[in-house]
Amino acid sequence: MITESNYSRLIVLGTAQLGLDYGVANRTGKPNLKAARDIVRTAWEGGIRYFDTAQAYGESERVLGNVLSDLGIGNQSRIITKLSPTIDHANRKSLEDALSRSLDNLKCNKIYGLMLHREDFLDLFEAGLAEILEAFVKQGLVEKIGVSFYSPIKAQKAFDLAIVNILQVPANMCDRRFHEAGIFNMAEENESDIFIRSVFLQGLLLMDKSTIPQEMCFASPIIDKVEQLCLEFNMTRQELALNYVRQKYPQAFVVIGVETQQQVKANLAAWNLLKEESITERIDETFKNVDERIINPTLWSSNI
């Protein structure tokens, strides 16, 4: 029997790691089904109710659906998935089939959020995409429609589209582009949900310098600064990173991906740490004008 502890309502379990080897810091690969079950169970018992997945995350949807069903918590979970970027977003039948596959994989009749995996698909809204997505909501298959953003400029345009009410954006100690562009304030004004991803910068902020790939040695000075801040505030790197986004963006949901059950426990403990002293100003001062090749993982492919 699964019991509920303190409700960590703003934490979202990212499940990319359940379906593929994901992240520059990934050392264990994707977990087997038992390990996946332990991860989800531990997250649930820690109060997590939101789960983030995607059609492009290998077997993630299927694994998550099987585990949630096995644990008997599928109907109580809030699942967000992303449409595969490879399908034809201008074709209604392709989108209907894709959503049907996701619902089958996730073993549910309705999901909380259906997202576009790439912001460029916003360009198709006037060509009929908005109408198709709105139909999914009216049919009761999806509660909310969202978009995963990399560009603050694109995110600003989303507020002109009534159908878009979930924004997923990167934000962490080094990356404040969306904050500086006013996206978080605009989301609150428009009553849109905002989900932060890459809080650990795909694991880079948790890595020891000795394990950073040689091709990414340019990131080493960032790790030095993180370690100095940890000493200054007497916090672990997880505690520093998670408390930063919790203090800086108190209304945002935070997506955290893990590879092991122990990482779930460690992240929950770090999140629930009550740090009375504000750390945001000191961190903002430390990480000014960070090189984009560090904060934008899409630029890493040529380096790793």
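Reader: Which residues line the largest cavity?

Author: In this predicted model, the largest cavity is lined by I11, V12, L13, I48, I256, V258, V264, N267 and L268.

Reader: Glad to have a place to start! How does one find such a space in general?

Author: The idea is a familiar one: a probe the size of a water molecule, rolled over the atoms, shows where empty space is left. Here, searching the whole structure gives 1 cavity of 30 Å³ or more. The volume of the largest cavity is about 60 Å³.

Reader: What classes of residue make up the lining of the largest cavity?

Author: Its lining has 8 nonpolar residues, 1 polar residue and no charged ones.

Reader: And which elements each supply at least two residues of that lining?

Author: Those are β1 and α11, the latter spanning 261–271.

Reader: Let's follow β1, then. How should I read strand pairing?

Author: Strands of a sheet pair through backbone hydrogen bonds, and the pairing is either parallel or antiparallel. In this model, strand β1 (residues 11–14) runs parallel to strand β2 (residues 50–52), and 3 bridges join them. V12, one of the cavity-lining residues, has Y50 in β2 as its bridge partner.

Reader: In what order do the strands close into a barrel?

Author: The order is β1-β2-β3-β4-β5-β6-β7-β8, so to speak a ring of 8 strands with parallel pairing. From one strand to the next, the twist averages 30°.

Reader: Now a helix, please: which strands does α5 lie across?

Author: Helix α5 (residues 129–138) lies across β3 (78–83), β4 (111–116) and β5 (142–148). Relative to β5, helix α5 runs at about 145°.

Note on methods:
Residues are numbered from 1 along each chain as its sequence is written. This is a predicted model: local features need pLDDT of at least 70, side-chain atom pairs count only at pLDDT 80 or more; totals for chains, interfaces and linings use all residues. Side-chain values use heavy atoms; hydrogens and water are left out. Two strands pair if DSSP finds at least two bridges between them. Helices (H or I, at least four residues) and strands (E, at least two) are DSSP runs, numbered from the N terminus. Axes are lines fitted to C-alpha atoms, for helices over the stretch in contact, and angles run from 0 to 180 degrees between N-to-C directions. Contact means heavy atoms within 4.5 Å. On a 1 Å grid over the protein atoms alone, a cavity is a set of points where a 1.4 Å probe fits but cannot get out, and a pocket is an open set with protein on both sides within 12 Å along at least five of seven lines; lining residues have an atom within 4 Å of a point. Grid points are joined across faces, edges and corners, and a volume is the space filled by probe spheres set on the points. Ala, Val, Leu, Ile, Met, Phe, Trp, Tyr, Cys and Pro count as nonpolar, Asp, Glu, Lys and Arg as charged, and the others, Gly among them, as polar.
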